[in-house]
Amino acid sequence: MADESKPFFPVESAHHVKPPPPRRPQSLTPESRFWRSFRHSELASGLILPVTALEFSPVAPYHVAAACSAAVHLFDGAASPSLAPLPHSPLSGFSDIAYSPSFRCDGALLAAGGESGLVQVFRVDKAGPPLRRLRAHGRPVRVVRYPRLADKIHLFSGGDDALLAYWDVSSEAQVVSFPGAHRDYIRAGSASPTSPEVFATGSYDHTVKLWDIRVPPGSNPFLGFGHGDPVESVLFLPSGGLLATAGGNVVKIWDIITGGKLIHTIESHNKTVTSLCLGRIKNESPSHDGGEPRLLSVSIDGYMKSFDFSTFKITHSMRYPAQLLSVGFSPSGNARVVGTSDGVIYMGMKKRKRQEEKGTNAASELDGFIPEPEKQVLRPTNYRYFHRGKSEKPQDTDYVIQRAAKVKLAEHDKLLKKFWHKEALVVALSQKSASSVAAVMEELVARKKLLKCVANLDVDELGLLLRFLHKNATSPRYARFLMGLTKKVLEMRAYDIQSNNNLRICVRNLKRMIAEEIQIQRTLQEIQGMISPLLVIAGR
Amino acid sequence: MILGGQSLVSSPPVFSHDGKKLLVCTGFTVSIFSTSTGMKITELEGGHTDRVTSVVVVPVAAPSSKFISYCWTSSLDGTICYWDFSVPELIKKVKVQLPIHSMVIPNISCTPIGSSEKTSNHYAFISVEDLTISADENKAFRGQIQIYNLTKSRRVGGLLAETRKPALLSASKNGEFLGITNKRKLDIWKIPSNDFRIDEIKKIKLHHTKKLTAFAFHPKLRMVAGGDVTGRILIWIGVGRRKFSGDSQATNKKKNLTDEEKPGVRNNDDADSCSTWHWHPSEIKFLSFSSDGAYLYSGGKEGVIVIWQVDTGKKKFKPRLGSPLLYFTESPDPSLSCVTCADNHIHLLKMPTMEITKSIAGIKLPFSYPVGHKGLCTQVAYDETAGLIAVPTEDYCVQFFSLFDNHEVSEVQVCKRNFQPVDDVTLYLALVSVSLDGSLMGTVDVKIPEDGLGGLVSLKFWMRGSRIAEYSLSTVIYEPHSDAEISSLAFRPGHRMAVTSSFGGDFKVWIHNSYIKSNDQLHQRTGWRCQSVGSYKGRPMTAAAFSADGSVLAIAAESVVTLWDPDSNLLVAVIGDTHSPITSLSFIGNSEYLVSLTCGSTPQLAVLSTSKLRLSWSYKLVAEALSSSRDTSQFAVLVLLNSQDKVEGKENGVILLFDVEDPVPVATWMVKKAKGGSVAFIPANPSSDEIKAMDGEKPSLLVYVNGDHEYIIFDPHNMDNRIGKSSRTSQIALEEAGLAGMLGYASIYGDLSNLNPKQDQVPEITFAPSERPWETIFNGSSHVLPPLTKLCSTFLASLIEKKPSMSE
């Protein structure tokens, strides 16, 4: 039932083959929208040497530590709109390259390894010499991790000498050490999120081992399995029961509760996966606490991928212009940093609205009363008085009446709507889109106005038409129609064409084109003549 | 028996006094529609025996009498009826004797019901046709305007006016003025409002130089707007100040005459000034002032409502209503009005924005095909299972209309073009075909070339969506038979296959297939493509039909019928030889017979037997349409009687129901307006209780759609239901005429009915194609033919095989 009068139909050519609808960009999923909502910038670009590790502090304001060359750079997570280096950054107590910064669970201390084999512990809040120096490793220490739970005095470190050490930091003494924990460099390690005594290490000997310092040293490691490639990164997933390991081009997810069963293999990277970290998708609804967790992986091939390990699907993929070595995601969900092999740290920041809200709330809780924000009453003397309510946004509960979407019409459609036929033809001709010209011409035929339009064209417009015909009259899509039109135009406007020099040139071009076309047809016929006997023979 | 498809637009609709109902004249009855839903509520029937021409709703004054709803109706049968349309019930009938073409009751608003207890006299002004004067007389005044006292049911006074044709009366809102358009002038009468006396009626004339077609009174001021055939609108201000004002203003009047110029007023008319507005390019069909008098609505043939601001002359437009406009009616509710379109639609408009809220849709009217169009056009196509007819419309749509429910189901826009009602026809829907189960639709639209340039035939295939009669475009095929026109389009029952035949000498079989494009992802696409092409001796193909089981394809190649296997595209047999091109073909149910219709100089209805490959019997008849029932061996033919006198309303067609075995018709019915009509068998609607009352089996019904798209559905086997007089006499007369017109074999040997039992015994041998391969081997288009060497061997082999069988 016609509830609405007919819409205006724009003209379209019968011979114009519609292109397939353009592939919608993948921004359609809310996930991709989330990842794209980060504002990108380069955090630090003058570092030159590879950024081997990035680590966010577990407590607000979520500082970032980046290990690069012989220093650990600290960036202020509270700075807005982007991270800014802390005044005492970088921490440069290293004699050689610094590796693997790790924050203590309260964010007050930072431990980092180094090329020299020394593990050092720094204060985060101010500059100064290292508080503790842990000496045991003879080779570079690439793995230094604080436990993630409330254990403030221990940490573990693993080095290229295959030694795994568990330290009591305050006394600078090893509690337990496992010489020859692996048969190759230890390059990856992760502390369990559920118990402070459990940690996993990964090594270039293709194996991943899990350690628990509560059990007697003889029974350690309590679990070990082979990844299949040199392990670059190991990460406990938030439940503590799953472990993600990266090595080679693949990321594998293991179930450690069932004794190291391989659950899933992600083969989405083309080159070695260098680092893993946990991210969280923030939903718009505030009811979600942290949002859904995601596993972020970066690789030498320049891609950062977001992996949903509840559904085992890659949900987003992002390309950077360099080889990626490290990745970090702020626990606040507002910042994401990626370190590259050429010393550039790419940063993505979200606007921190919620952060500020939290801040004010916290303040008011302290004060015990909520200060009324002073509201200025607008008076007619104020300029803004006359603009009040202009930028008002609808509430969720409001019923929004959309203004009817304005129909976008091409220029020639607008003119056709006004029955300005010749003008529509001229506009279409000057736009140089063959299909729209053909569409307008067909519409004019349907209105029986084409020949009248042709008769009314002035000399310049006739030149336009002849040039169009020269270009398109032999294209197979429109040939049947345009050849006839060309003939008609030449018949009707013979006098004008003879009297104008430019038009004569156009007609000469047309002539040449027709000669070429005849030549082509002849050649095609020859070819047809050659092929058809062959086809007949082949048919037998 | 179900009647339907009446015109909703024969006369202006009227709103009820609360604006919730709309009274529309539909044929012999008045239908009442709800303005909020657009659906029919009830019908005023039984009062009139001819077309109802006008409705006047009695207004109410007191709120207590809100529920009272009365109306007067007038009809061509010469009666005026008084109804209570809320019940609905006929209360009173007044006989006038002469056909009433228009009626107004101006005083009715002055004395509304409920204001006074005593019934005052109602005076109706009626425009009647004087039947005593025949239409042949050139300058005869056939139209008369009479005054009738409805309360006392008698005529009052003499004639108010005489006109050439019965005029359309129109009264002002307050009932003070009454007027008609009379060629180049407006005749306006002032009616005394309080005490009606016939001798107090005064008349003035307003002159113009063009024929006036519409006019309107301003509701408050003495202002009259008139529209003429060229699209101009004239506004007369101060109409009748001289004559209609009382004697008290005589001095004023003299002053006016002497002092003031009267700009624009012709012939010393009684008006102060006359101004002209011009926007409409063609004839104005209606003019109407808004109830407050601030705006004037005008509409014309080009289908645009123009809203004029009366004070300033500024315009606003409501375009693209898609059809010539006829009437505009304002409701008592200021936010509602309706516009009546010539395509049998009434659109309810939400007032300030002129937005269409609801449409009351009747069946769309047939349109005239442009000259130079070859072949048959589909008048209507049937979706038999759903009981729908598909009507190709002038504005490039296919309207689906439910036969049993008598309302529009949907409308499918076939060509994406805006329809301009004023323009010449340059694009039209030539063919529409719906598959048997209604899941597929095919349309053919033709664009007429301008001076040999840019003509285009496009074939479109549509797939039905989830709901009935909701089709979405599947495939467009431009120029399916290069530039030749398509003569017919048929779907194969039970398959997704269609055939088109063209005058260019070939037919194409189209199949629907879905293929999976696997370049990057699984990407399923569906579409129609040509499976095979066939031709027969280069003759134009004029008609095509599939047999009921879909196993045989019959194509009429001008005068012969060729039978094909649709799957392998092999010519199976050739039957018949008529003198003129065959225009229509149909297989009869599950019998082995085929009916063909031939038009032209030697019209013929021929029944062909596919088992014997020859003509069975034939008549020399001008047949308009043909339909065969699917389960029985009957078929119906709509025959035009070539009567010379073209008096309207006379029966000019006959529906003949034949059984295929017997050339004597089973039944005949005389029908009106047969030109452009069509017949079809449809299965009975299970929901209609009328059918349920009969025996358990589902009988098939016959539907007849006449040239104005009015239709009747009846059971051809039930004698009680027949329309018209199923008079024996006419049937006998036809039989004689039919026998005289028999051709060929039938004319010599009579009918072949006694031969039929034999055929029934051997129904297995249907076409026996292998017996005469030399007929079929060399037929077919060149690309289908195998090389000659292959053909030769089969040809010889067939000859060799033939011998022993012959000797046996």
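Which residue forms a salt bridge with Asp106(A), and how far apart are the closest N and O atoms? In this predicted model, the partner is Lys152(A), and the closest N and O atoms of the pair are 3.6 Å apart. The legends below begin with this site.

**Figure 1. Close-up of Asp106(A) and its salt bridges to Lys152(A) and Arg104(A).** Asp106(A) sits in the loop between β6 (98–103) and β7 (109–114) of chain A, while Lys152(A) occupies the loop between β10 (141–145) and β11 (154–159) of chain A, so their pairing ties together parts that are 46 residues apart in sequence. The side chain of Asp106(A) also meets that of Arg104(A) in a salt bridge, at 2.8 Å from N to O. Asp106(A) counts as partly exposed, with 24% relative accessibility. Lys152(A) is likewise partly exposed, at a relative accessible area of 40%. Arg104(A), in contrast, has a relative accessible area of 14% and is therefore buried, the limit being under 20%. Side chains of opposite charge can pair when their charged atoms come close.

**Figure 2. Close-up of the salt bridge between Asp212(A) and Arg214(A).** The closest N and O atoms of Asp212(A) and Arg214(A) are 2.8 Å apart. Asp212(A) is buried, with a relative accessible area of 10%. Arg214(A) is exposed, its relative accessible area being 52%. The pair thus joins a buried acidic residue to an exposed basic one. A search of the whole structure returns 27 salt bridges over all chains.

**Figure 3. Close-up of His412(A) and its surroundings in chain A.** His412(A) belongs to helix α3, which spans residues 411–417 of chain A. The residue is buried, with a relative accessible area of 5%. When neighbours within four places in sequence are left aside, the residues in contact with His412(A) are Val11(A), Ala424(A), Val427(A), Ala428(A), Gln431(A), Ser436(A) and Val440(A). Chain A as a whole has 10 helices and 28 strands. Of its 540 residues, 47% are buried. Among contacts in chain A between residues at least 6 apart in sequence, 48% join residues at least 24 apart. The accessible surface of chain A amounts to about 28,500 Å², and carbon and sulfur atoms account for 54% of that area.

**Figure 4. Close-up of the interface between chain A and chain B, with the salt bridge of Glu443(A) and Arg417(B).** The closest N and O atoms of Glu443(A) and Arg417(B) lie 2.9 Å apart. On the side of chain A that touches chain B, the elements giving two or more residues are α5 (434–446), α6 (450–456) and α8 (479–492) of chain A. The interface of chain A and chain B holds 3 salt bridges, together with 7 residue pairs in polar contact. Chain A contributes 29 residues to the contact and chain B contributes 34 residues. The size of an interface is often given as the accessible area lost when the parts come together. For chain A and chain B, the buried area is about 3,000 Å², with 51% of it on carbon and sulfur atoms.

**Figure 5. Close-up of a salt-bridge network in chain B.** The linked residues are Asp343(B), Lys364(B), Asp395(B) and Glu411(B). Chain B, in which this network lies, has 8 helices and 57 strands. Buried residues make up 54% of the 808 residues of chain B. Of the contacts in chain B with a separation of 6 or more, 49% are between residues 24 or more positions apart. Chain B exposes about 35,600 Å², and 51% of this area is supplied by carbon and sulfur atoms.

**Figure 6. Close-up views of two cysteine residues, Cys277(A) and Cys530(B).** Cys277(A) is buried, with a relative accessible area of 9%. Cys530(B) counts as partly exposed, at 28% relative accessibility. A search of the whole structure finds 0 disulfides over all chains.

Notes. Residues numbered from 1 in each chain as written. Chains lettered and ligands numbered in written order. Predicted model: local features only at pLDDT ≥ 70, side-chain atom pairs only at ≥ 80, totals over all residues. Heavy atoms only, no water. Disulfide = S-S within 2.5 Å. Buried < 20%, exposed > 50% of the residue type's maximum accessible area, 1.4 Å probe, protein only. Helix = DSSP H or I, 4+ residues; strand = E, 2+ residues; numbered from the N terminus. Contact = heavy atoms within 4.5 Å. Areas by Shrake-Rupley, 256 points an atom, 1.4 Å probe, with all protein chains shown as cover. Buried area = accessible area lost by both parts, 1.4 Å probe. Salt bridge = Lys/Arg side-chain N within 4 Å of Asp/Glu carboxyl O. Polar contact = N/O pair within 3.5 Å; in protein donor to acceptor, adjacent residues only side chain to side chain.
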